[in-house]
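Me: I am new to this structure and would be grateful for a close look at a single part of it. Please describe the chosen part in connected prose.

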Amino acid sequence: MQQLTKEDFLEGQVLLIDKPLTWSSFQAVNKVKYTLIKNADLPKKFKIGHAGTLDPLASGLLIICTGKFTKRIAELQGQIKEYTGTITVGATTPSYDLETEINQHFPIDHLSNELIEETRKQFIGTIEQFPPIFSALKKDGKRLYEHARAGEEVEIQSRTIEITEFEITRIDLPEIDFRVVCSKGTYIRSLAFDFGKALNSGGHLTALRRTKIGDFSVADAIEPLAFEKIYNPNFKEAE
């Protein structure tokens, strides 16, 4: 990645960041922000934001916009997205991923490659999907995950989403690897849960990586610490 100037960032840039596993999207944006404030003479209140959150348990493409390009965030959020990941069948969790402990086990002896492939076809096209209860969507003024952690039951409305591609790339039970291309608003955790339910085996998401947003690819992205290294002459690798 070529080093840019203060004026470049103020005028507007689209930065492709490869968010590491366990980092929040907020942490990644902050790392870029404070690297530029400290090393590229950007003012403390310069415009910066990301175009679509990635959960801490997911890695991959995070688009960060600066300056005048922050006006493009809504447009970028609406782009189709591509993900790769792993669904582990035979068990479910309340959060549909590894954020919470397994709450129920299911048999998987009946699963075959043919059944998995046939079931996959049910999830291509325009479908209805319920967001996970452990999500940041708001209900009655509170985040859904706040209701969930308080043990409160809330009614969640389904939403219409579109899955244009859903490919099974590896089957090594209980793990099923996939690649999916989907519309804005799709929860891959919900897809994992619904796919496991359709297989009568239960399922939860155990790995996720965002690989594309529109025409932008994670192959062209840079990790936050590598970004810092470009702009910080005193950068030292953590031991």
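Reply: The following account takes up one annotated segment and then turns to some backbone features.

The model is predicted. In an unreviewed entry, UniProt lists residues 189-223 as "domain: tRNA pseudouridylate synthase B C-terminal". Over this stretch the chain is 29% helix and 37% strand, and 24 Å separates the C-alpha atoms at the two ends.

Within the segment, Ser217 belongs to strand β13, which covers residues 216-217. Ser217 counts as buried because its relative accessibility is 15%, and the cut-off for buried is under 20%. The side chain of Ser217 reaches the backbone nitrogen of Ala219 at 3.1 Å. When neighbours within four places in sequence are set aside, Ser217 is in contact with Leu16, Leu61, Thr211 and Lys212.

Asn200 is situated in the loop that runs between α6 (188-198) and β12 (203-213). Asn200 is not a glycine, yet its phi is positive, near 55°. Most residues other than glycine have a negative phi. With a relative accessible area of 59%, Asn200 is exposed, since exposed means over 50%.

Two further loops may be set beside this segment. Tyr96, in the loop between β5 (91-92) and β6 (104-105), also has a positive phi, of about 70°, without being a glycine. Tyr96 is buried, its relative accessible area being 16%. Pro174 occupies the loop between β10 (159-172) and β11 (175-182), and the peptide bond from Leu173 to Pro174 is cis, with omega near 10°. Most peptide bonds are trans.

Technical notes
Residues numbered from 1 in each chain as written. Predicted model: local features only at pLDDT ≥ 70, side-chain atom pairs only at ≥ 80, totals over all residues. Heavy atoms only, no water. UniProt positions renumbered as here; feature names shortened; annotations may be inferred. Helix = DSSP H or I, 4+ residues; strand = E, 2+ residues; numbered from the N terminus. Buried < 20%, exposed > 50% of the residue type's maximum accessible area, 1.4 Å probe, protein only. Polar contact = N/O pair within 3.5 Å; in protein donor to acceptor, adjacent residues only side chain to side chain. Contact = heavy atoms within 4.5 Å.
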